[in-house]
Amino acid sequence: MSVTALATRRPNSDSAYRAGLISSYVRATDWAVELRLLAEATRYDKDNPGAPSLVDELHGARLGDAA
């Protein structure tokens, strides 16, 4: 799924949306794509203040076995 499609689609469930964003972030090989995904996660976090931080999940997903 492209970054544009992720940013413009309306999520049908929070868990599917979050999983898709995390998956895209982990697979990203371009720093500009990573920044766009982090920006999207930041917007999500601001729009959903009671939810667990998606930005934290993105960073945690990159820790791999170190965590």
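**Salt bridges and helix packing in the predicted model**

The side chains of Glu-40 and Arg-43 are joined by a salt bridge, with an N to O distance of 2.8 Å. Both residues belong to helix H3, where they stand three residues apart, about one turn of the helix. Glu-40 is buried, at a relative accessible area of 12%, whereas Arg-43 is partly exposed, at 44%.

The structure is a predicted model. Mean pLDDT for the chain is 84, and 78% of the residues reach 70 or more. Confidence is highest in H3, with a mean of 96, and lowest in helix H1 (residues 3-8), with a mean of 52.

The pair within H3 is one of three salt bridges in the structure. In general, side chains of opposite charge can pair when their charged atoms come close. A second salt bridge links Glu-34 to Arg-62, at 3.1 Å from N to O. Because Glu-34 is located in helix H3 and Arg-62 in helix H4, this pair ties together parts that are 28 residues apart in sequence. Arg-62 has a relative accessible area of 36% and is therefore partly exposed.

The remaining salt bridge is formed by Arg-18 and Glu-57, whose closest N and O atoms are 2.1 Å apart. Arg-18 lies in helix H2 (residues 14-27) and Glu-57 in helix H4, so parts that are 39 residues apart in sequence are tied together by the pair. With a relative accessible area of 9%, which falls under the 20% limit, Arg-18 counts as buried. Glu-57, by contrast, is partly exposed, at 31%. When residues up to four places away in sequence are not counted, Arg-18 touches Tyr-44, Ala-51, Pro-52, Ser-53, Leu-54 and Glu-57. The list thus includes the salt-bridge partner, Glu-57, as well as Leu-54, a residue that also takes part in the contact between H3 and H4.

Packing of H3 against H4 was examined next. Two packed helices are described by the angle between their axes and the distance between the axes. For helix H3 (residues 31-47) and helix H4 (residues 54-63), the axes come within 7 Å and cross at roughly 140°. On the H3 side the contact is made by Glu-34, Leu-37, Leu-38, Ala-41, Thr-42, Tyr-44 and Asp-45, and on the H4 side by Leu-54, Val-55, Leu-58, His-59 and Arg-62. Sorted by class, these comprise seven nonpolar, two polar and three charged residues. Glu-34 and Arg-62, which pair in a salt bridge, are both among the contact residues.

The largest nonpolar core contains 13 residues, and those with the most contacts inside it are Leu-21, Leu-37, Ala-41, Leu-54 and Leu-58. Helices H2, H3 and H4 each contribute at least two residues to this core, and the largest share, five residues, is supplied by H3. Leu-37, Ala-41, Leu-54 and Leu-58 also appear in the contact of H3 with H4.

The surroundings of Leu-54 were listed with residues up to four places away in sequence not counted. On that basis, Leu-54 touches Tyr-17, Arg-18, Leu-21, Ile-22, Ala-41, Tyr-44 and Asp-45. Two of these, Leu-21 and Ala-41, are named with Leu-54 among the core residues with the most contacts. Arg-18, another neighbour of Leu-54, is the buried member of the salt bridge with Glu-57.

Note on methods
Residues are numbered from 1 along each chain as its sequence is written. This is a predicted model: local features need pLDDT of at least 70, side-chain atom pairs count only at pLDDT 80 or more; totals for chains, interfaces and linings use all residues. Side-chain values use heavy atoms; hydrogens and water are left out. Axes are lines fitted to C-alpha atoms, for helices over the stretch in contact, and angles run from 0 to 180 degrees between N-to-C directions. Helices (H or I, at least four residues) and strands (E, at least two) are DSSP runs, numbered from the N terminus. Contact means heavy atoms within 4.5 Å. Ala, Val, Leu, Ile, Met, Phe, Trp, Tyr, Cys and Pro count as nonpolar, Asp, Glu, Lys and Arg as charged, and the others, Gly among them, as polar. A salt bridge is a side-chain nitrogen of Lys or Arg within 4 Å of a carboxyl oxygen of Asp or Glu. Buried means under 20% relative accessible area, exposed over 50%, partly exposed in between (1.4 Å probe, protein chains only). A nonpolar core is a set of buried Ala, Val, Leu, Ile, Met, Phe, Trp, Tyr and Cys residues joined through side-chain atoms within 4.5 Å. pLDDT is the predictor's confidence in each residue, from 0 to 100.
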